Amino acid sequence: MDKEKVLNGEWSLAELYAGSEDPRFTADVTEMDRLITRMDEQSKDLTGEPKELLPRLLETQEQMTELIGKLMLYVSLRQSACTTDAKASSLMDQLSAKLSRTAAPLTRIRQYVAGLNNLEELIAADPLLTDYA
């Protein structure tokens with residue numbers, strides 16, 4: 001039986017991904033790269049109306065969080081089931097390296113948000129932002 005489909009003979013991660021070669025996995029890794037690039041670009045162009053900019057920034061961060069969570073969960077569960085799984089360790093290292101590329105963009109975005117004088121007003125006016133207040 002395929003080690004990636006049934007780990008330890010007890011549980012399957014196929015609901016997440018059938019393996020690291022699963023087209024869903026590779027597509028999600030590609031999407032992660034795309035979102036990191038988008039976040040970086042957004043963080044370098046924080047001009048325009050905050051009421052329009054904040055929801056876009058938040059949407060990108062939501063998508064990143066969801067995708068990173070799914071990818072990291074899969075790899076982490078693989079590692080937990082088989083601590084000698086070298087491929088899982090390599091994947092975790094790769095994902096961690098990708099994740100580290102979000103540090104600078106997130107710092108720029110947080111500094112931008114912290115500098116908004118009317119943040120409470122902006123939050124109150126947007127249901128999406130209100131959900132995060």
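Within helix α1, R34 and E31 form a salt bridge (a side-chain nitrogen of Lys or Arg within 4 Å of a carboxyl oxygen of Asp or Glu), with the closest N and O atoms 2.6 Å apart. The two residues are three apart in that helix, about one turn; helices here are DSSP runs of H or I, at least four residues long, and strands are runs of E of at least two, numbered from the N terminus. R34 is partly exposed at a relative accessible area of 40%, and E31 is partly exposed at 27%, where buried means under 20% relative accessible area, exposed over 50% and partly exposed in between (1.4 Å probe, protein chains only). The model is a predicted one, in which local features need pLDDT of at least 70 and side-chain atom pairs count only at pLDDT 80 or more, while totals for chains, interfaces and linings use all residues. Residues are numbered from 1 along each chain as its sequence is written, and side-chain values use heavy atoms, with hydrogens and water left out.

The count of salt bridges comes to eight. One of them joins K70 to D28, with 3.5 Å between the closest N and O atoms. Because K70 lies in helix α2 and D28 in helix α1, this pair ties together parts that are 42 residues apart in sequence. K70 counts as partly exposed at 32% relative accessibility, whereas D28, at 15%, counts as buried. The side chains of R108 and D40 also meet in a salt bridge, at 2.6 Å from N to O. R108 belongs to helix α4 and D40 to helix α1, so the link spans 68 residues in sequence. Salt bridges further connect D33, K98 and R101 in a network.

Turning to the interior, the largest nonpolar core (buried Ala, Val, Leu, Ile, Met, Phe, Trp, Tyr and Cys residues joined through side-chain atoms within 4.5 Å) has 31 residues, and F25, L71 and V75 have the most contacts inside it. Helices α1 (23-44), α2 (50-81), α3 (86-100) and α4 (103-114) each supply at least two residues of this core, and the largest share, eleven residues, comes from α2. Leaving aside neighbours within four places in sequence, V75 is in contact (heavy atoms within 4.5 Å) with F25, A88, L91, M92 and L95.

Aromatic pairs number three, counted when ring centres of Phe, Tyr and Trp (its six-membered ring) lie within 6.5 Å; planes under 30 degrees apart are stacked, over 60 edge-to-face and the rest tilted. Y17 and F25 pair edge-to-face, 5.0 Å centre to centre with 90° between the planes. Both Y17 and F25 are buried, and ring pairs link Y17, F25 and Y74 into a cluster.
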